[in-house]
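Thank you all for making time this morning. I would like to walk through one structure with you, beginning with a pocket and then turning to charged side chains.

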Amino acid sequence: MQLFDAITELGHEQVVLCSDPVTGLRAIIAIHDTSLGPALGGTRMWQYASTNDAIVDALRLSRGMTYKAAVSGVNLGGGKAVIIGNPHSEKSEALFRAYGRFVETQRGRYITAEDVGTSVRDMEWIRMETKYVTGVGGVGGSGDPSPVTALGVFSGMKAAAKTVYGSDSLAGKRIVVQGAGNVASHLVHSLVKDGATVFVSDIFDEKARALAAASGATVIAPDAVFSTPCDIFSPNALGAILNDDTIPQLTCAAVVGGANNQLAQEQKHANALRDRGVLYAPDYVVNAGGLMNVASEVEGYDRDKVMRQAEGIYDITMNILRTAAERNVLTIEASNAIAEDRLRKVRHVHGNFIGSPTIRGV
Ligand code: NAD
């Protein structure tokens, strides 16, 4: 990979390579775009096959954060960091504190959070060296984001129902939910309460059974989620589950779920869904509640405001689906265009975020 070519093509402002041989730290902080505010995004710890893979992941993920914030009206930029290493055997206080020092050098241009392979404990170690970290427990912390994410998915689903059926009521709709984890649990309860007939699955059967028993949903097998006849399919487990094998099995009218990166290949599989007559609500739009939750922590956490923001995902999704229909483009193309338009205009107003260093006590 030609690094500067990749950065130029993807539109990154800055990529920071962090090295501390004593603690074994090798990390990459990718700051994609700070037109809307400081770049926020989690720190992933993963044993990448190569440095190149780690950089590519950081570049791709940080860009995704810019779009998610931009389209959901959050005043944050997009960033992401990766620490190269085995999250099960190579963590230490010193490593995360060394990493925290590098985050501090950005003077608030980059704010970190938990991600795959990192935990609240790791954030607490980072916090020893910098205040630019969210998702740390205790007073003022935003806590578990999944109820907020679920409310956003529920609101996005109502917008999709309105678009497809002319009414945003989910009463009487058959909805298949993949996953019975944190987001799915909150979502399933809301759907049943709204009068939907809900089918739920998880690779851990006991999780699906417990959720079904608590909510009134029905359990189905994990491999039945794609072919079970339904109105709406809601992926809330892993990414890349909309692909060449699964899309031909779908019978639903819409896909609306909280899982990240649902389309195995964005353009190709968004097209395949449209060809099949399935409305796709872009994942990064409807699952932005989690980002809204940590974003609020940056300004001073306000749960009621965050829940109202997550409900606003109804209007945001509606606007995207309407724009896609009017312009005859894919829904992901409409959401990307709306995000890029906001970025362009705000960038024009105030440029990029330069952090707020204190110099000689001032
Ligand atoms: P979770 O780990 O609590 O739940 C995921 C569940 O999916 C687990 O119970 C797991 O057993 C199950 N699962 C895995 N593979 C499956 C399969 N093939 N079929 C059925 N079930 C399967 O995670 P979560 O916090 O609920 O997040 C769910 C998804 O939403 C993830 O993709 C996550 O990245 C995304 N997301 C979550 C949040 C949040 O606030 N937690 C915010 C934005 C996006």
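Let me start with a question: what volume does the second largest pocket have? Bearing in mind that we are looking at a predicted model, the answer is that the second largest pocket has a volume of about 250 Å³. Its lining is made up of 15 residues, and those closest to the centre of the pocket are Arg-274, Leu-279, Ala-324, Val-329 and Thr-331. If you would like to find this lining by secondary structure, the elements that contribute two or more residues to it are helix 8 (266-275), strand 12 (279-280) and helix 12 (313-327). As for the character of the lining of this second largest pocket, ten of the residues are nonpolar, four are polar and one is charged.

Let me now move on to the salt bridges. As a general matter, side chains of opposite charge can pair when their charged atoms come close. In this model the count comes to 18 salt bridges, and I will go through a few of them.

Please look at Arg-44 and Asp-115, whose side chains meet in a salt bridge with an N to O distance of 2.6 Å. Arg-44 sits in strand 4 (residues 43-46), whereas Asp-115 belongs to the loop between strand 6 (110-111) and helix 4 (120-127), so this pair ties together parts that are 71 residues apart in sequence. Are these two residues buried or exposed? Both Arg-44 and Asp-115 are buried.

A second place to look is Glu-129, whose side chain meets that of Arg-97 in a salt bridge of 2.7 Å, N to O. This pair links distant parts of the chain, with Arg-97 in helix 3 (residues 93-105) and Glu-129 in the loop between helix 4 and helix 5 (146-165), 32 residues apart. Glu-129 counts as buried because its relative accessibility is 16%, under the 20% cut-off, while Arg-97, with a relative accessible area of 28%, is partly exposed.

Glu-129 also forms a salt bridge with Arg-101, where the closest N and O atoms are 3.3 Å apart. Here again distant parts of the chain are linked, since Glu-129 is in the loop between helix 4 and helix 5 and Arg-101 is in helix 3, 28 residues away. Arg-101 counts as exposed, at 51% relative accessibility.

Finally, coming back to our earlier pair, salt bridges that share partners join Arg-44, Asp-57, Arg-60, Lys-80 and Asp-115 into one network.

Definitions and conventions. Residues numbered from 1 in each chain as written. Predicted model: local features only at pLDDT ≥ 70, side-chain atom pairs only at ≥ 80, totals over all residues. Heavy atoms only, no water. Salt bridge = Lys/Arg side-chain N within 4 Å of Asp/Glu carboxyl O. Helix = DSSP H or I, 4+ residues; strand = E, 2+ residues; numbered from the N terminus. Buried < 20%, exposed > 50% of the residue type's maximum accessible area, 1.4 Å probe, protein only. 1 Å grid on protein atoms, 1.4 Å probe; cavity = no way out; pocket = protein on both sides within 12 Å on 5 of 7 lines; lining within 4 Å. Points joined across faces, edges and corners; volume = space filled by probe spheres on them. Nonpolar A, V, L, I, M, F, W, Y, C, P; charged D, E, K, R; others polar.
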